[in-house]
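Visitor: Please choose one part of this model and take me through it slowly, explaining each term as you go.

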Amino acid sequence: MRKVVCRCEDLSEEDIIHAIELGFKDIESLKRFTGAMTGPCQGKGCMMHILRILSQKTGKSVEEIGVTTQRQPVNPVPLYILSGDEK
Amino acid sequence: MKVAVIGGGISGLGVAYFLAKLGAEVEVFEQKYLLYGASGRNSGGITAQFMDKELIEMALRTMKLYEKLQSEIKFNFLLRKGGYLKLSDNPRELEKEVEYQKSAGLKVKFLSPEDVKEIFPDINTNAFKAASYFKDGAVIFPWPVIWGLAKGCRELGVKIYDWTPAEVVSETEVKVKNEVKKYDVIVNAAGAWSAEINNKLGIKNDLRVVKEEICVTESLRPYIDPYIIHSNGLYLSQSMRGEIVGGIVGKAGEKSLDSSLDFLVKYAKLATKLVPKLRGLSILRQWSGVYDETKNGKPNFGFTGKVFQLNGFGKNGMSLALAYAEKASKEIMKS
């Protein structure tokens, strides 16, 4: 069974483990190698799974691993709303 | 030849790769993670539309090197050659620029807004007056460039230390975790942090730091071919992942990595004016980056004592750095 970890970028648990085994062992590098946490959910759906896998594979605690920089906006915002152009 | 490279961005990893191929023993020190600096925060525009013969040559060489290294290292840089469009509200100035570049042998064209519409039908022809089109221009995804270069470096025996701040204590000594290590040459490839290294060593430089903000939309099936930059500072392009990546050219002075709502609102206004159809697209994420630039727009390049300067690429690092890194490796091996 394929365990999907990141729906936005369609990444499975195996994909994440493979990246960790290639040496992407910190959360910032793992994000930028796999693309996880960069899709529409911005990590809200996947980061906890990824932290668990990283913790299991590296033996580090979730606190030690930390989280990636949280980027704005929290939820996607359309350009016409930002531009103030409602027409 | 033992070389320490400070900075794990495109110039640092680039010079490390070429040096290793020439037989040097190389160590790269990156204070944070790879991609923390400008190499991991830019929009990947690749062009040779410069106002200087050397820069044009180096940009053309950099484009060749991307293709060469992709196959040499066996890593896909997600390079997409869809052309590079410079739009301007000042047709006379732009036409002069195009004439100069043509005389330098660059295949660049001066276009009217109607001509641009043929390249990109969704563009608003009222939002600019003229364009310069470089058909060999491209968009590259900076993340795989850096991962690929790092892979290539490691396979050649280069040691890359990430999360390892290195203090350059003299022209040949680097202090890492309280240990002082000695090298034949130190390469200052620290991007926005290069000036700090030079200042500490008393090396004169005119580097200044520029902050730039950028954002990305949700993905669409790739349909915007060229990388587009406007004289009002707006730029946008579509990555091979389908996201529309865009920003506004930054201003010198600030060094923070904060993201502002002011930027997002300004970007939304300029981007939807230029491409009205984008108005329904949502912004997923915004961030900022810092880069170092020189006063004359050319990189800070060459030996200052035993320290080799490979910095000051301004906003053109992705277009220029590989060729300068290659040139640096030859000069370092000759020293």
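Guide: Let us stay with chain A, for which the radius of gyration is 15 Å, whereas a compact globule of 87 residues would have one near 12 Å; the radius is taken over C-alpha atoms, and the rule for the globule is 2.2 Å times the number of residues to the power 0.38. This is a predicted model, in which local features need pLDDT of at least 70 and side-chain atom pairs count only at pLDDT 80 or more, while totals for chains, interfaces and linings use all residues. Residues are numbered from 1 along each chain as its sequence is written, chains are lettered from A and ligands numbered from 1 in the order of writing, and side-chain values use heavy atoms, leaving out hydrogens and water.

Along its principal axes, the C-alpha atoms of chain A fill a box of roughly 55 × 30 × 20 Å. Five helices and three strands make up the secondary structure of chain A, and when you follow the sequence they come in the pattern β-β-α-α-α-α-β-α; here helices (H or I, at least four residues) and strands (E, at least two) are DSSP runs, numbered from the N terminus.

Of the 87 residues in chain A, 46% are buried, a word that stands for under 20% relative accessible area (1.4 Å probe, protein chains only), with exposed meaning over 50% and partly exposed in between. Among the contacts of chain A with a separation of 6 or more, 52% join residues 24 or more positions apart, a contact being heavy atoms within 4.5 Å.

Turning to the surface, chain A exposes about 4800 Å², and carbon and sulfur atoms supply 53% of that area, which comes from the Shrake-Rupley method with a 1.4 Å probe. Chain A carries 12 positive and 12 negative side chains, and the centres of these two sets lie 1 Å apart; Lys and Arg count as positive, Asp and Glu as negative, and His and the chain ends are not counted, each charge being placed at NZ of Lys, CZ of Arg, CG of Asp or CD of Glu.

Finally, chain A meets chain B through a contact that takes 26 residues from chain A and 28 residues from chain B. Between them the two chains bury about 2500 Å², of which 59% is on carbon and sulfur atoms, where buried area is the accessible area (1.4 Å probe) that two parts lose on being put together, summed over both. On the side of chain A, the residues A:Arg32, A:Leu79 and A:Leu82 supply 30% of the area that chain A buries against chain B, more than any other three residues.
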